[in-house]
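Notebook open, model loaded. I want to see how the sheet goes together and what packs on it.

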Amino acid sequence: MGAFDYISSFCSYTYCNAKTKRKPLQTVDIKVKMDCDGCERRVRNVVRRMKGVKSVEVNRKQSRITVNGHVDPNKVLKRVKSTGKKAEFWPYIPQHMVYYPFDTGMYDKRAPAGHIRNPTQAFPAANTPGENYVSLFSDDNVQAACSIM
């Protein structure tokens, strides 16, 4: 990041505007079904024209598009859906990023090789009724055995 980029983040070219904040640089991964070169080109061009986009990478084999830049992920998803394609945020993560990749509900037949379903999307919310039974047999709860017997 050069000096000009640093200064321009505080002020615009004509006047200083303290209310306008630049979105943070982030990476957005989206799953999009692309069948041909035309589909790939259409999706790439629609996303590339967005304000704040630095780079766009399309992987047709994985049905994945990666967008880097100062963008809002929901706006990118909405823009991709405007092409008429079914799109969703990338639901998979690399297998080595999870402590217990062999847990139930983690594997998906449609996942690319070496990827599993994101644990936050694979499991229900933490406030499920079944969790109460699990805490009864916890080693941290000393009174657990007494409450059962």
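Started with a cross-strand pair: Lys31 sits opposite Arg64 in β3. Note to self that this is a predicted model.

Next I looked up the pairing of β1 with β3. I find them antiparallel, with 6 bridges between them.

Then I traced the whole sheet. I get 4 strands in an open sheet, ordered β2-β3-β1-β4, with antiparallel pairing. The edges are β2 and β4 (87-89), each of which pairs on one side only. From one strand to the next, the twist averages 25 degrees.

Which strands does α2 touch? I see α2 packing on the sheet against β1, β2 and β3, and its direction makes about 165 degrees with that of β2.

Checked α3 too. That helix lies across β1, β3 and β4, and I have it running at about 160 degrees to β4.

On to the nonpolar side of things. The largest nonpolar core has 18 residues, and the members touching the most others are Ile30, Val32, Ile65, Val67 and Val80. I looked up where the core comes from: β1 (26-32), β2 (53-59) and β3 (64-69) each supply at least two of its residues, and so do the helices α2 (37-48) and α3 (73-81).

Last lookup: what is Val32 in contact with, leaving aside its neighbours within four places in sequence? My list reads Val43, Ser63, Arg64, Ile65, Val80, Lys85, Lys86 and Ala87. Arg64 turns up here, having already appeared opposite Lys31. Ile65 and Val80 are on that contact list, and they are also among the core members that touch the most others.

Notes: Residues numbered from 1 in each chain as written. Predicted model: local features only at pLDDT ≥ 70, side-chain atom pairs only at ≥ 80, totals over all residues. Heavy atoms only, no water. Core = buried A, V, L, I, M, F, W, Y, C linked by side-chain atoms within 4.5 Å. Buried < 20%, exposed > 50% of the residue type's maximum accessible area, 1.4 Å probe, protein only. Contact = heavy atoms within 4.5 Å. Pairing = 2+ DSSP bridges. Axes fitted to C-alpha atoms, helices over the stretch in contact; angles between N-to-C directions.
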